[in-house]
Amino acid sequence: MAKDTNSNHADQYYKAKKKEEMKHQVITFALMIVFTIIAFGLVIGEFDKLFVFPVLLVLAAVQVGFQFYYFMHMSHKGHEFPALMIYSGIFAAILTILALTTITWV
Amino acid sequence: MSTATVGKRSFGAVVWDYLTTVDHKKIAILYLVAGGFFFLLGGLEAMLIRLQLMAPDSELIGAQFYNELFTMHGTTMIFLAAMPLLFALMNAIMPLQIGARDVAFPFINALGFWLFLFGGLLLNCSWFLGGAPDAGWTAYAPLSVISPGHGVDFYALGLQISGFGTLMGGINFIVTIITMRAPGMTYMRMPLFTWSTFVASILILFAFPALTVGLFLLTFDRLFGANFFVPDMGGNEIIWEHLFWIFGHPEVYILILPAFGVFSEVFSTFSKKRLFGYSSMVFATVLIAFLGFMVWAHHMFTVGMGPIANSIFAIATMAIAVPTGIKIFNWLLTMWGGSIRMTTAMLYAVSFIPTFTLGGITGVMLASAAADYQYHDSYFVVAHFHYVIVGGVVFGILGGLTYWWPLMFGKMLNEKLGKWTFWLFFTGFHLTFFIQHFLGLMGMPRRYWKFLEGQGLETGNLISTVGAFLMAIATFILLYNVIITTVKGKKSPADPWDGRTLEWSLPNPTPFYNFKQLPLVRGLDPLWVEKTQGNGKMIPAEPLDDIHMPNNSFLPFTISLGLFIAAFGFMYRVDAGFPAYVAIGVGLAITLGSMLIRSVKDDLGYHIHKEDLEKEGAGE
């Protein structure tokens with residue numbers, strides 16, 4: 001960040017906001033590494049499959065959420081439509097998988 | 001470079017211009033010509049089907065050829081005629097309706113068209129290379145996997161390539177509508193045709209991937225020895241049906257929603273009233289799209305999914321009748337008390353209501369899972385989907401083309417010939433398909449090569465064939481109308497129908513940059529607002545300034561051509577050996593090379609300068 005000696009209110013506001021954002025990104029990044037280690041640990045530790053699969057799926061879902069919201073800024077203004085489309089896509093995909101698992105595969 | 005400054009040009013220059021164009025108005029004309037060609041081809045196939053079924057136990061054409069005919073009739077009409085004709089209207093009209101100078105990605109728009117065209121041509125090459133696909137337009141496994149020859153390979157690869165194009169077109173329209181609306185054009189001020197383009201594009205975005213996946217699995221099963229649909233090897237052929245209909249049912253809404261949009265514009269203009277219940281129309285459009293994703297299994301009631309799955313899908317299907325009903329009543333109430341002009345476009349719109357309602361009612365009948373066991377794969381189904389697709393989509397396309405022809409070509413189609421077309425087509429259509437409901441209930445199965453004497457099916461089939469001839473005559477009159485208008489027609493006024501929406505505020509012919517200054521939109525039906533509250537002209541929202549335009553490019557053509565060549569290589573890999581691998585190599589090299597050129601070469605477009613725009617005069 002370039003030094004700005006004439007910083008006014010707005011500048012300070014944005015600086016604080018950016019600092020906050022940076023903090024979130026670092027925390028998320030650390031969490032993502034921890035999640036990845038946990039995932040590897042679960043597989044290496046040879047736990048029961050019925051336990052490992054759901055946990056892995058949940059961890060994966062959380063990671064995707066982190067990716068969207070903290071690194072791809074989906075929470076920011078102007079991202080409502082991409083968010084809506086992503087959720088619609090997830091809805092269509094879940095519907096498909098749900099139907100195929102209940103009707104065809106079981 | 002600019003088309004406005006050039007007068008008479010050589011034939012070669014015009015062809016080159018169309019091969020490289022990225023202008024949405026010209027791409028619309030390309031879609032119209034290509035879609036129109038495939039429409040005639042699909043119609044020819046339909047006529048042969050009806051000729052074969054004119055008399056009992058007919059030997060006019062062989063059984064195998066009949067299988068190929070009905071397969072290609074369905075595939076051609078849905079993928080290569082109805083979709084591109086709607087894309088033609090969307091491309092031509094939607095950017096003008098929202099006050100944009102082009103679509104968001106002009107290059108991708110051209111690429112979408114050429115991919116569609118080469119996919120369609122590939123599919124039809126099959127006629128000359130050992131026989132067309134013969135497994136029905138639905139290509140159900142296991143028949144599509146074991147079908148001998150290369151017919152179904154052409155189906156899988158041809159639809160794959162044209163599907164890429166459609167997907168790109170859909171994404172392009174979504175981005176255009178979200179990002180390029182003129183100042184003041186809020187979502188709830190968008191004309192219904194733009195809304196339905198938007199929603200249909202979202203459906204394309206979510207539905208086409210299912211087809212892409214399905215076609216890839218089919219391609220791998222047929223060409224590379226995979227076993228996705230082979231139960232002996234642990235596969236499952238029902239998965240094809242699911243994937244196909246997860247795409248296939250939203251597909252019918254992709255077709256019908258834009259037609260709904262066309263009719264909404266036509267009703268409003270020719271009743272001289274704003275659309276009744278605008279917000280409920282928008283809501284109903286979105287609701288149809290939403291529900292359209294959870295009904296696909298109603299095509300598979302007899303597969304044996306079990307009573308619970310059947311009931312869920314039956315109820316979801318019937319629920320769609322509600323938003324559709326909202327639309328029907330809104331259209332009726334738009335006409336109510338309006339000052340109605342029965343132009344050709346309005347005739348299509350008015351006759352669409354009872355026709356489509358009939359198709360909707362048989363739809364609810366078919367949705368009752370228990371009763372469907374009786375209707376399934378009979379002519380009742382054939383009658384149903386022709387009522388919704390011809391009575392809805394084809395009427396919509398013909399009405400929309402008549403309505404927007406002056407905007408697309410600067411000349412008005414002959415109304416008298418247009419009305420002849422309409423009445424012959426309308427009569428012929430009902431003659432052909434109404435009787436098929438009863439043929440189906442009497443037990444005549446769909447897709448059979450012949451029927452036998454003495455089962456009471458003779459008269460009905462004869463009537464049906466007579467009706468098909470009337471539709472053919474109507475199509476010829478339409479063609480004659482188009483030719484005579486192009487050759488002899490006079491230039492039409494800029495706003496021939498006393499229009500309400502933004503596209504009619506443009507001069508005739510539409511400048512290649514569309515809007516000299518982006519217009520300020522002050523309400524629903526922006527032009528009508530200015531006609532009643534202003535001086536009838538749009539208020540500019542910006543000062544006159546340089547306009548940034550994209551350069552033409554030949555790359556979309558070569559990218560698509562490369563895939564076309566490579567597809568032949570993949571198909572004949574086993575029987576042709578080395579030459580096929582050469583085709584794969586050359587084809588992919590052309591495609592990937594063109595993509596590489598596009599990626600590394602900066603193409604920043606050009607500017608039309610303010611001074612040149614001023615020189616051309618005020619325009620409006």
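What follows is a chat between a student and a tutor about a predicted model with chains A and B.

Student: Let's start with chain B; how many helices and strands are there in chain B?

Tutor: In this predicted model, chain B has 21 helices and four strands. The radius of gyration of chain B is 24 Å, close to the 25 Å that the globule rule gives for 620 residues, so chain B is as compact as a globular protein of that length.

Student: And what box do the C-alpha atoms of chain B fill?

Tutor: Taken along the principal axes, the box is roughly 70 × 65 × 50 Å. Within chain B, 52% of the 620 residues count as buried, and among contacts with a separation of 6 or more, 82% are between residues 24 or more positions apart.

Student: What does UniProt list for residues 10–522 of chain B?

Tutor: The unreviewed UniProt entry lists "domain: Cytochrome oxidase subunit I profile" for those residues. In the model, residues 10–522 of chain B are 69% helix and 0% strand, with the end C-alpha atoms 43 Å apart.

Student: Which domains does the domain assignment give for chain B?

Tutor: The assignment gives domain 1, covering 26–542, and domain 2, covering 554–620. The centres of these two domains of chain B, taken over C-alpha atoms, are separated by 28 Å, and their contact takes 16 residues from domain 1 and 15 residues from domain 2.

Student: Which helix gives the most to the domain 1 side of that contact?

Tutor: That is H4(B), which gives seven residues to the side of domain 1 of chain B that touches domain 2. Helix H4 (106–125) and helix H6 (151–179) of chain B each supply at least two residues there. By class, this side of domain 1 has 12 nonpolar, one polar and three charged residues.

Student: You mentioned H6; is H6(B) mostly covered or mostly uncovered?

Tutor: H6(B) is mostly covered, since 25 of its 29 residues are buried. Its length also fits expectation, because at 1.5 Å a residue the 29 residues of H6(B) should span 42 Å, and the end C-alpha atoms of H6(B) are 42 Å apart.

Student: Switching to a single residue, where is B:Gly562, and is B:Gly562 buried or exposed?

Tutor: B:Gly562 lies in helix H18 of chain B, which covers residues 555–571. B:Gly562 is buried because 21 other C-beta atoms lie within 10 Å, and the cut-off for buried is 20 or more.

Student: What does B:Gly562 touch, leaving out residues up to four places away in sequence?

Tutor: With those left out, B:Gly562 touches B:Gly587, B:Leu588, B:Ile590, B:Thr591 and B:Ser594. As for B:Thr21, which is 541 residues apart from B:Gly562 along the chain, the C-alpha atoms of the two are separated by 19 Å.

Student: Now chain A; which residues of chain A does UniProt annotate as "transmembrane region"?

Tutor: The unreviewed entry gives that annotation to residues 26–45, 51–72 and 84–105 of chain A. In the model, residues 26–45 of chain A are 95% helix and 0% strand, with end C-alpha atoms 28 Å apart, while residues 51–72 of chain A are 95% helix and 0% strand, with end C-alpha atoms 31 Å apart.

Student: How many residues of chain B are in contact with chain A, and what classes are they?

Tutor: On the chain B side there are 12 residues, in contact with 10 residues of chain A. Helix H8 of chain B, residues 238–271, gives the most to the chain B side, with four residues. The residues of that side divide into 10 nonpolar, two polar and no charged.

Note on methods
Residues are numbered from 1 along each chain as its sequence is written. Chains are lettered from A and ligands numbered from 1 in the order in which they are written. This is a predicted model: local features need pLDDT of at least 70, side-chain atom pairs count only at pLDDT 80 or more; totals for chains, interfaces and linings use all residues. UniProt positions are given in the numbering used here, feature names are shortened, and annotations may be inferred rather than shown by experiment. Domain bounds come from an automatic or database domain assignment. Two residues are in contact if their C-beta atoms, placed from the backbone, lie within 7 Å. Ala, Val, Leu, Ile, Met, Phe, Trp, Tyr, Cys and Pro count as nonpolar, Asp, Glu, Lys and Arg as charged, and the others, Gly among them, as polar. A residue is buried if 20 or more other C-beta atoms lie within 10 Å of its own, exposed if 12 or fewer, and partly exposed in between; C-beta atoms are placed from the backbone. The radius of gyration is taken over C-alpha atoms; the globule rule is 2.2 Å times the number of residues to the power 0.38. The expected span of a helix is 1.5 Å times one less than its number of residues.
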